[in-house]
Amino acid sequence: ILGNKFVDKGLQFTETCAKMYTTTASGIACDSVMMLEDGELTCNNDIYLLRPETVESLFYAWRATHAQKWRNFAESIWHALRKHCEVPTGGFTDVRGVTYDTPQKLDKQESWFLAETLKYLWLIFQPDDIVSLDEYVFNTECHPLKKQINK
């Protein structure tokens, strides 16, 4: 999506990733899935490690299209994270059993959750000029880096 070379394929792939969340009982994606020939997703690893990749893709899909469905996916993911991964003492945790209504909380918050997952979720709902993709790129930890124009 970002390079504008494979936008349609990128958007299709992003929608498939978002469906990894919407097709489980908990609304949280399995860490590993397999796509069957009929397009159905099946869970290979029934755990969620607070990973950022899908919400990062949702962010770029939103910025490329401004189609409301990308924000809707992000909002659903956020609500599922609050419901199943948030802990009463503060923070969030990995969970096991995402294919069930109530996954089991583990006892670990991944560093990328704060650096990336939450940041991309926040950015999806901000105006484009908060961090303009014309002026900035994100490194692998979602830190914005100002582009340098060589003339």
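This report describes the fold, the cysteines and the nonpolar core of a predicted model.

**Overall fold**

The protein chain contains four helices and seven strands. Read from the N terminus, its elements follow the order α-β-β-β-α-α-β-β-α-β-β. Along the principal axes, the C-alpha atoms occupy a box of roughly 55 × 40 × 25 Å. The radius of gyration is 16 Å, which agrees with the value near 15 Å that a compact globule of 151 residues would have.

Of the 151 residues, 38% count as buried. The protein chain exposes about 9000 Å², and carbon and sulfur atoms supply 51% of that area. Contacts also link distant parts of the sequence: among those between residues at least 6 apart, 52% join residues at least 24 apart.

**The disulfide and other cysteines**

The structure has one disulfide. Its partners are Cys30 and Cys43, with an S to S distance of 2.1 Å. The torsion about this S-S bond is about -115 degrees, so the disulfide is left-handed. Cys30 sits in the loop between α1 (7-22) and β1 (32-35), while Cys43 belongs to strand β2 (residues 41-45), so the bond ties together parts that are 13 residues apart in sequence.

Cys17 takes part in no disulfide, and the nearest cysteine sulfur, that of Cys30, is 13 Å away. A disulfide requires two cysteine sulfur atoms within 2.5 Å, so the 13 Å between the sulfurs of Cys17 and Cys30 rules out a bond there. Cys142 is likewise in no disulfide; for this residue the nearest cysteine sulfur is that of Cys17, 17 Å away.

The table gives the relative accessible area of these four cysteines.

| Residue | Relative accessible area | Class |
|---|---|---|
| Cys17 | 13% | buried |
| Cys30 | 5% | buried |
| Cys43 | 27% | partly exposed |
| Cys142 | 0% | buried |

Cys43 is partly exposed because its 27% lies above the 20% limit under which a residue counts as buried.

**The nonpolar core**

The largest nonpolar core has 36 residues. Those touching the most other members are Tyr48, Leu58, Leu81, Cys85, Tyr120 and Phe138. Helices α1, α2 (53-65), α3 (68-84) and α4 (111-124) each supply at least two residues of this core.

Tyr120 can serve as an example. Leaving aside residues up to four places away in sequence, Tyr120 touches Val55, Glu56, Phe59, Tyr60, Phe138 and Cys142. One of these, Phe138, is also among the core residues that touch the most other members. Another, Cys142, is the cysteine with 0% relative accessibility.

Key:
Residues numbered from 1 in each chain as written. Predicted model: local features only at pLDDT ≥ 70, side-chain atom pairs only at ≥ 80, totals over all residues. Heavy atoms only, no water. Buried < 20%, exposed > 50% of the residue type's maximum accessible area, 1.4 Å probe, protein only. Core = buried A, V, L, I, M, F, W, Y, C linked by side-chain atoms within 4.5 Å. Contact = heavy atoms within 4.5 Å. Rg over C-alpha atoms; globule rule 2.2 N^0.38 Å. Areas by Shrake-Rupley, 256 points an atom, 1.4 Å probe, with all protein chains shown as cover.
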